[in-house]
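Open the model in a viewer and keep the sequence panel beside it. The stops below go from one pair of residues out to the sheet around them and then to the neighbouring chain.

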Amino acid sequence: MMAEIQCRNCGKFNPPELIKCQFCQLPLSAMDDEDETIRPGQVPTKKVTAELEPILPQWLREAREKSRKAAEEEAARQAAEAEQAAANREAPPDLLAGLEAQSHRDEEDEVPDWLAGMQKTSHKADERVETYPRRQEIRWEEEPSETEPEEEMGGLVSGPQTEVTFDESGLPSWITGGPAEREEKETPAPARDERPVSPFDTGSFRPNTGELADFLPEEPAPPPAPAPTAASEGNLPDWLSNLPPADQPGGKTQALVDTGSLDMGSLLSGELPDWMTNLDTASTPSEAAPGVAGKSDAFDLPADLPDWMKATSSADESKPAQEERGAFLSPMPPSEEIPQPPPVPSSPAFFPGMEPLGEEEVGELFAAELPDWLSNVAPAEPKHEPQAAASPLAPGELPSWVQAMRPVETVMPQAQAAPATPSGPAEQQGPLAGLSGVLPILPGLGPAKRPSAYSNMLQASEDQQSNAALLEKLLASEIEPKPLAASSSVVFSQRALRWTITIILLLLVTIISLSGSQVTPPPNLPGETFAAITTINAIPNDSPILIVFDYEASLSGEVEAAAASLIDNLILLHHPRLTLLSTSLNGPALAEHFMKTTQSQHAYLPGTNYVNLGYLPGGAAGVLGFAEAPRVVMPHTLNGTSVWSLPPGQGINTIADYAAVIVLTDQAESARVWIEQAGPLINGKPMLLVTSAQAGPMLQPYILSGQAAGLVSGLAGGASVEQAAVRPGLSRGYWDAFGLTLLIVVLMIFIGSAWNLVVGIQARMRGEA
Amino acid sequence: MSQVVSAFIGFTLTVMVLSYLIGDNPLFRVAVSIFVGAAAGYAASVIAHQVIWPNLVIPLATATLTERALLIIPLLLGLLLLTRISPQLARLSSPAMGYLTGVAAAVAVGGAVIGTLVPQIAAAAASFDLTDAAARGLSPLGQFTAGVVMLTATITTLIYFNFGARRAADGTVRRNGLLELAARVGQIFIAITFGVLFAGVYAAALTALIERVSAILNLFGL
């Protein structure tokens, strides 16, 4: 049993009969040349096509030889003319001919620096021209005879030419597979003679139809024509069996029969159809006219043929042409009797008169008129490639133009990682049918590489791990119950202190409230409170007043105490028509409570002396809407009746129709909303603020800016208003309790702060000790 | 009678809340729950009785056809707001929420600029108008002093909240010396402001305590 083949890609073993890896589907055979891809800047490897010369048919080789000789003669003639012209006058190319006189006239002119630099560059380019001769200067006849096919195939370098042998039937040995051919296949080919060549030498810039044979190496060779042997005669038809034997003398025609061709004269004498018989009678027999002359007459070339074709034709006249034409063309009538087909125009209709350039003309065009930099491309670095295969039809050898079409590495960088193997499977269809290893195997077509294994473990240093452990410990400690650091005595002392403070405050407030004392002097009248009193006094009698209740029940005692005296004075002095409104949900009830408790002495009746509009939704937008159109925003009272038909709402269309707006609030934000939204629309009418003590300081800027006409803040403000009005009320009743309790509280805060300071100093002193 | 009942209920709830002095206890939790429930129920009743009924239901039944058609928009937006109850349908309330947010933001920004920013800037500049102070009967020196104090407090307070600093040559990050001094002055003004606010809050709480104790004493005729 043969050893299994290990895949170079995946490393797994496969049975020896497999071509591809059964795991990764990549070819198993080793790759001879891993550098198949062409990298940027790399010159494609030249492929030898001249070695195909021996395998060409004889008639084709001779035709190529004649064409080559004609080209050499033409090149020599043109070179001689060029040298003669150069000797007479060193004239620039035609396209620069008109510049010569100008250049002579400008020689005395001052040449700019940039132009001088260009001239130097041009001189350098001329030097390179001498290094690499142009194509028309190549002396083909000076080349060794062994290299002629190479030059004809585009200058490609090939191995030593093998001599073609012929067997007895006249066929080359490569067709019949003779011993010489077999020996040639078994003999290893010598190393290639690599040398730097220019692109023109390699024929890269000219069409070379001879290279088309290069990408057909793996095509099976055409089967050789079977020689007419005695064994095969039994299978031939009658008309073919009547053919004369090979050794019968027959001149040139007989020689053609020996080479495997058919004698058309003998065929015509058999069972041919009438139309072919007529052809026989119309034509000249081969015996009457030798084949050479006959064929020469039959192929008189038209006058408009290109020169290179004429040269080929003239060269053919010096040799017998039966071999080139084939024997089946021998009995054809001469050209005079055959109707000539209409001449095919050699140029398109839109270029009348234009004729295609011949090969030499194209070469001359490239050699003579191309710029210097293009005609002197530096040769590529010599590259020593492994020895070519012995067979001229070595697989995987591609012509240079095919190699140039192959993808480069920059386009497919993975091509090098997964190179194609020349011994891989051949392409089955398309223009690359029959070729193997042309297309690189991309990773996407199969698992080119086993994916790398990455560890899921976190790569952390010891410090990071220790920090993570510390963080984890801290997080775990957050949910663990921790015992109190203080002792039970400390906890008890804290509770005792809290209860002690509570009891002191409750007793103090209760005792003072029960005593009804008014020993504490009333507060001084603040300026904003004085302004509020002044504003109330200036309100006209029986004027509509809007009172906004925007406080919560928790602070209703303070706000009501602060506002009670002010509203009392307002009602007492001016008997206004009150409109109650609230932007707080509890406001409507608090408004009713305020009117029933603090203003009960005035006997104000709802719907008659005041109207409670209730809750105004929408926040700031609701305030703005009410300030612009109160009838639209608040059309109904709490009872569902129309507000604006009642006495308090009569004559009110906008907020500016009110004589004053009084806002009772415990939050500075609520008062600010009314100042911002309704203040600009009241048209100079006064806006008074009655607030809690906690909101008063935040509203002082609006008092100083004049946006609010007055401010009554907290119990102190209410007490000052009562003091100014000389009408004691709730504020004055609370004021003693408030003042004394506040004094005790301040003392306790001071004592507590001093105690903490002493304890802290002692702790610090113990720590330092 | 109703006043006696309400006063007794008020007294009971007040004692239950004051029981928090001995710590968290069921009486305090019951009192808090009663307050929350009563406030929510009262708010719902106020909204239904004072907002939805008179502003939506009655007009839909009695208003003209044009007014009814216009009322479809707030009705639809209100119904979309109700979809926030279901997480799957909460997206439907986005138009209504967007409308509310947009209107509120526009009104608030406009009011802040017109009602607060511009007037306050003008007032701060007017503090240095000594001629106007004399015309109003104020002391020009006192007016100027008040203006300087307000300006200093404003600037130093803003500087205190400027945390930009540069790294010194020794690697320490410190603010400029002048800015550091101004920030410390601003810190003093901030401390005074917080002290005033705390005093106001404490005064409001103490007033509420006095009012409650007085209410209890009044309940018992003391």
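Select T579(A) and V611(A): V611(A), in β5(A), is the bridge partner of T579(A). This is a predicted model, in which local features need pLDDT of at least 70 and side-chain atom pairs count only at pLDDT 80 or more, while totals for chains, interfaces and linings use all residues. Residues are numbered from 1 along each chain as its sequence is written, and chains are lettered from A and ligands numbered from 1 in the order in which they are written.

Next, colour the whole of β4(A), residues 577-582. Helices (H or I, at least four residues) and strands (E, at least two) are DSSP runs, numbered from the N terminus. Is β4(A) mostly covered or mostly uncovered? It is mostly covered, with 6 of its 6 residues buried. A residue is buried if 20 or more other C-beta atoms lie within 10 Å of its own, exposed if 12 or fewer, and partly exposed in between, with C-beta atoms placed from the backbone. On one side of β4(A) are R577(A), T579(A) and L581(A), on the other L578(A), L580(A) and S582(A), and all are buried.

Now add the two strands that pair with β4(A). Two strands pair if DSSP finds at least two bridges between them. β5(A), residues 610-615, runs parallel to β4(A) and is joined to it by 5 bridges. β3(A), residues 544-550, also pairs with β4(A) in the parallel sense over 5 bridges; here P544(A) is opposite R577(A).

Show the connecting helices. α22(A), residues 556-574, forms a right-handed β-α-β unit with β3(A) and β4(A). α23(A), residues 587-597, does so with β4(A) and β5(A). A crossover is right-handed if, with the strands pointing away from the viewer, the path from the first strand over the helix to the second runs clockwise. α23(A) lies across β3, β4 and β5 of chain A, at about 155° to β5(A). Axes are lines fitted to C-alpha atoms, for helices over the stretch in contact, and angles run from 0 to 180 degrees between N-to-C directions.

Step out to the full sheet. In what order do its strands lie? The open sheet has 6 strands in the order β5-β4-β3-β6-β7-β8 (chain A), with parallel pairing. β5 and β8 (710-713) of chain A are at the edges with a single partner strand each, so one side of each has no neighbour in the sheet. Between β3(A) and β6(A), residues 660-665, there are 6 bridges, and D550(A) is opposite T665(A).

From β6(A), move to α26(A), which lies across β3, β6 and β7 (687-691) of chain A at about 160° to β6(A). Now show α4(B), residues 94-126: the axes of α26(A) and α4(B) come within 8 Å and cross at roughly 90°. That crossing makes the two helices, α26(A) and α4(B), roughly perpendicular, a term for angles of 65 to 115 degrees. Select R672(A), I675(A), E676(A) and Q677(A) on α26(A), and G111(B), A112(B), G115(B) and T116(B) on α4(B), which make the contact. Two residues are in contact if their C-beta atoms, placed from the backbone, lie within 7 Å.

Last, select the chain interface, with 47 residues from chain A and 35 residues from chain B. On the chain A side, α20(A) gives the most, with 7 residues.

Technical notes. Parallel < 35°, antiparallel > 145°, perpendicular 65-115°, else oblique.
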